[in-house]
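User: I have a structure open and a few things to ask about it. Can we start with the cysteines?
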Amino acid sequence: MGAGLRADMTSAFFLPAEPGNRFCVYHRPTDGAAAGRGIVYVHPFCEEMNKARRMAALQSRRLAAKGYAVLQIDLFGCGDSSGDLGDARWGIWKQDLQAAVGWLKPRVGGPLGLWGMRLGAMLAADVARDLGMGIEQLLLWQPVSSGEQFLTQFLWLRLANEMISEGAAQTSVRELRKMLASGAPLEIAGYDLHPQLAAEIEGLRLADLVPAVKRVHCLEITAQAEPKLLPASQRTLEAWRVKGLDVHAVAVVGEPFWSTIEVTECEALLAATESSLKDAP
C-alpha cells in the first residue's frame, strides 16, 4: 500500500449528491489517532485526471501518514461518479466539493483545506471564496491561470486527433469555438464537452478567484535546471498577496505527469508538498 498504509486506513464509498452519487476514497490518519486536519482533493479535467491518479494517491497516503484525513472525490460526470461529462456544469462541481467538505468536517478536529490540481485548482479556489465553508488553507498543484487558454489547449486535442486519423486537421480552434457558441456540444479525445461548461471554464481567471483562506500553497513542476513558477502563476500569486493572502510558492524539477504518455511520478513534488504543509498554521 505504500507509506506504511494499512488496508483498513482507506475506504471507498459513494457520497449522496445531486444528481446521483459521487465516488470517494477516504484516507484516515495512519497512526490511528483522531484526524487533526482534513483536506479534500480536487482532480484535474478529463484525461489529466487519469494520468494524475497515481500521484494523487501517493500524496494522499503520505499526508495520511502525517495525520491528515484526506478525501478524494470524483466529480459529477467524472471517474466512477454518476452522470456523463456532457451533463456536467461548473455549479454542479462546486456543489460536489461543498458536499465533500460537509462530509469530512465532522470527522476532523482541526483545520480543513482544499487541494486542487490544474483545472481542479481553479475549482478549489472558487469554492474557497466562501467564508462559510470554513476552508483555512488551499493547496494548488500546477494551477490553471486562464480558463480561456486552457479551453484553447483542450480544443487543440481535437485538431491533433484529426491530423492523426485523417492526415490533416478538418477544422480550426476558431470554428470549434463557433460550434460551441451556436450551442453544439463537441466530442474531444473521447469526452463530450457541453457549450455551457465550455463557456463557464473560458470565463475563469485564477487571479479573480481570491480565496478566503489563511494560507495558500502553490507548487509547480518545471524542466528548468533552476526551477521557477510559470509567469502567469507568479502574477496571480502576487495579485493575491496584494489582497493580503499569505502565499507560499515552490517549484520543483520533474516531468508533467498529468500529460505524459506513461504514468509517471515526481518524488520532488510529493516531498515539497509535505514540507510546505508542515509549517501551516
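Analyst: A definition comes before the count: a disulfide here is a pair of cysteine sulfur atoms within 2.5 Å. The model is a predicted one, and by that rule the number of disulfides is zero.

User: How far is cysteine 78 from the nearest cysteine sulfur?
Analyst: The nearest cysteine sulfur belongs to cysteine 46 and is 6.8 Å away, and cysteine 78 is in no disulfide. The cut-off is 2.5 Å.

User: Is cysteine 78 buried or exposed?
Analyst: Cysteine 78 is buried, with a relative accessible area of 7%.

User: And cysteine 218, what is its nearest cysteine sulfur?
Analyst: That of cysteine 266, at 14 Å, and cysteine 218 is in no disulfide either. Cysteine 218 has 0% relative accessibility, so it counts as buried.

User: OK, other topic. How many helices and strands does the chain have?
Analyst: The chain has eight helices and ten strands. Its radius of gyration is 19 Å, close to the 19 Å that the globule rule gives for 281 residues, so the chain is as compact as a globular protein of that length.

User: What does the C-alpha trace span along its principal axes?
Analyst: About 60 × 45 × 35 Å.

User: What share of the residues is buried?
Analyst: Buried residues account for 52% of the 281 in the chain. As for contacts between residues at least 6 apart in sequence, 74% of them join residues at least 24 apart.

User: Let's go to strand E3. How many of its residues are buried?
Analyst: Five of the six residues in E3 (residues 37-42) are buried, so the strand is mostly covered.

User: Which way does E3 run against strand E4, parallel or antiparallel?
Analyst: E3 and E4 (residues 68-73) run parallel, joined by six bridges. One bridge pairs valine 42 with isoleucine 73 in E4.

User: What do E3, helix H1 and E4 make together?
Analyst: A right-handed β-α-β unit, with H1 covering residues 47-65.

User: And how many bridges are there between E3 and strand E5?
Analyst: Five, and E3 pairs with E5 (residues 112-117) in the parallel sense. Glycine 38 has leucine 112 as its bridge partner in E5.

User: Switching to glutamine 142. Where does it lie?
Analyst: Glutamine 142 is in the loop between strand E6 (135-141) and helix H4 (147-166).

User: Why does glutamine 142 count as buried?
Analyst: Because its relative accessibility is 8%, and buried means under 20%.

User: What does the side chain of glutamine 142 reach?
Analyst: The backbone nitrogen of isoleucine 221, at 2.7 Å.

User: Which residues is glutamine 142 in contact with, leaving aside its neighbours within four places in sequence?
Analyst: Arg118, Leu219, Glu220, Ile221, Leu230 and Trp258.

User: Last one, alanine 268. Which helix does it lie in?
Analyst: Alanine 268 lies in H8, which covers residues 267-278. Alanine 268 is partly exposed, at 32% relative accessible area.

User: Which residues is alanine 268 in contact with, beyond four places in sequence?
Analyst: Val252 and Val253, once neighbours within four places are left aside.

User: And how far apart are the C-alpha atoms of alanine 268 and alanine 251?
Analyst: They are separated by 9.3 Å, with the two alanines 17 residues apart along the chain.

Definitions and conventions. Residues numbered from 1 in each chain as written. Predicted model: local features only at pLDDT ≥ 70, side-chain atom pairs only at ≥ 80, totals over all residues. Heavy atoms only, no water. Helix = DSSP H or I, 4+ residues; strand = E, 2+ residues; numbered from the N terminus. Buried < 20%, exposed > 50% of the residue type's maximum accessible area, 1.4 Å probe, protein only. Polar contact = N/O pair within 3.5 Å; in protein donor to acceptor, adjacent residues only side chain to side chain. Contact = heavy atoms within 4.5 Å. Pairing = 2+ DSSP bridges. Right-handed = clockwise from strand over helix to strand, strands pointing away. Rg over C-alpha atoms; globule rule 2.2 N^0.38 Å.
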